[in-house]
Amino acid sequence: MKFRRAEEGDLENILSLFKANVLANEDYNEEQKEVWASSTENRTMWLNKIKGEYFLLAHQDTKLVGFSSLGPMDYVDLMFVQKDEFGKGIAKQMLENIETEAKSNDLSELYADVSVSGRGFFEKSGYHVVKTNRNIRKGIHLKNFRMKKVF
């Protein structure tokens with residue numbers, strides 16, 4: 001497994017992995033998944049994340065198998081692993097890298113808005129639910145959880 005910072009040229013692979021994972025998610029209905037996946041249409045937003053966040057890619061040989069990012073201040077913005085690679089420690093390694101980066105920036109805690117599917121992983125990683133978010137996108141309700149970890 002190799003890790004590196006994302007570059008603008010990685011955008012297509014990032015969007016492809018994101019969309020495939022969201023559409024395969026079994027914790028949300030089809031309407032919810034379509035709305036969630038539609039964020040890939042906002043390429044400017046994604047490019048701004050790549051340029052402005054600590055945006056980490058995980059590669060197995062030449063294949064992108066995951067990505068994660070540390071957004072502004074103390075926020076784990078993204079955490080996605082290719083569905084065929086679940087359970088292989090990729091997310092754990094990416095989160096450890098994100099947390100190391102946060103600590104090197106003198107942060108003492110991190111927050112994340114975590115999907116229903118990701119909640120168990122974050123709990124095993126020492127995060128706890130602060131509140132349940134009830135997001136409305138294009139009139140569709142998407143539940144997730146605000147989670148927090150103190151170092």
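Q: Where is the place of Gln-82 in this predicted model?
A: Let's start with the surroundings, keeping in mind that the model is predicted. Gln-82 touches Leu-17, Asn-21, Lys-63, Leu-64 and Val-65, leaving aside residues up to four places away in sequence. As for its own spot in the chain, Gln-82 sits in the loop between β4 and α4.

Q: Is Gln-82 buried or exposed?
A: The relative accessible area of Gln-82 comes out at 17%. The cut-off for buried is under 20%. So Gln-82 counts as buried.

Q: How do the axes of helix α1 and helix α3 run, roughly parallel or roughly perpendicular?
A: Helix α1 covers residues 11-24 and helix α3 covers residues 43-52; their axes come within 11 Å and cross at roughly 110°. Angles of 65 to 115 degrees count as roughly perpendicular. That makes the arrangement of α1 and α3 roughly perpendicular.

Q: Is the crossing of α1 and α3 left-handed or right-handed?
A: Here we want the sense in which α1 passes α3. The crossing is right-handed.

Q: How many residues of the contact of α1 with α3 are nonpolar, and how many are charged?
A: On the α1 side you'll find Leu-11, Glu-12, Ile-14, Leu-15 and Phe-18, and they meet Arg-43, Trp-46, Leu-47 and Ile-50 in α3. No residue of this contact is polar. The split is seven nonpolar and two charged.

Q: Which parts does the pair of Arg-43 and Glu-12 tie together?
A: The side chains of Arg-43 and Glu-12 form a salt bridge, at 2.2 Å from N to O. Arg-43 belongs to one helix and Glu-12 to another, so the pair joins parts 31 residues apart in sequence. Those parts are helix α3 and helix α1.

Q: Are Arg-43 and Glu-12 buried or partly exposed?
A: Arg-43 has 37% relative accessibility, and Glu-12 has a relative accessible area of 45%. Buried would need under 20%, and exposed over 50%. So Arg-43 and Glu-12 both come out as partly exposed.

Q: How many residues apart are Lys-63 and Glu-85?
A: These two side chains meet in a salt bridge, 3.7 Å from N to O. Lys-63 is in strand β3 (residues 63-70), while Glu-85 is in the loop between β4 (75-81) and α4 (90-104). Along the chain, Lys-63 and Glu-85 are 22 residues apart.

Q: Is Glu-85 buried or exposed?
A: Its salt-bridge partner Lys-63 is partly exposed, with a relative accessible area of 38%. Glu-85 has 10% relative accessibility, so Glu-85 counts as buried.

Q: Which strands hold Arg-146 and Asp-113?
A: Arg-146 and Asp-113 form a salt bridge, and their closest N and O atoms are 2.7 Å apart. The two residues are 33 apart in sequence, so the pair ties together separate parts of the chain. Arg-146 lies in strand β7 (residues 140-150) and Asp-113 in strand β5 (residues 109-115).

Q: How many salt bridges does a search of the whole structure find?
A: Side chains of opposite charge can pair when their charged atoms come close. Besides pairs, there is a network of salt bridges linking Lys-49, Glu-53 and Asp-77. For the whole structure, the search finds 11.

Q: Is Met-73 buried or exposed?
A: Met-73 has a positive phi of about 60° although it is not a glycine. Met-73 lies in the loop between β3 and β4. At 67% relative accessibility, Met-73 counts as exposed.

Key
Residues are numbered from 1 along each chain as its sequence is written. This is a predicted model: local features need pLDDT of at least 70, side-chain atom pairs count only at pLDDT 80 or more; totals for chains, interfaces and linings use all residues. Side-chain values use heavy atoms; hydrogens and water are left out. Axes are lines fitted to C-alpha atoms, for helices over the stretch in contact, and angles run from 0 to 180 degrees between N-to-C directions. Helices (H or I, at least four residues) and strands (E, at least two) are DSSP runs, numbered from the N terminus. Angles under 35 degrees count as roughly parallel, over 145 as roughly antiparallel, 65 to 115 as roughly perpendicular and the rest as oblique. A crossing is left-handed if the near helix is turned anticlockwise from the far one by less than a right angle, and right-handed if clockwise. Contact means heavy atoms within 4.5 Å. Ala, Val, Leu, Ile, Met, Phe, Trp, Tyr, Cys and Pro count as nonpolar, Asp, Glu, Lys and Arg as charged, and the others, Gly among them, as polar. A salt bridge is a side-chain nitrogen of Lys or Arg within 4 Å of a carboxyl oxygen of Asp or Glu. Buried means under 20% relative accessible area, exposed over 50%, partly exposed in between (1.4 Å probe, protein chains only).
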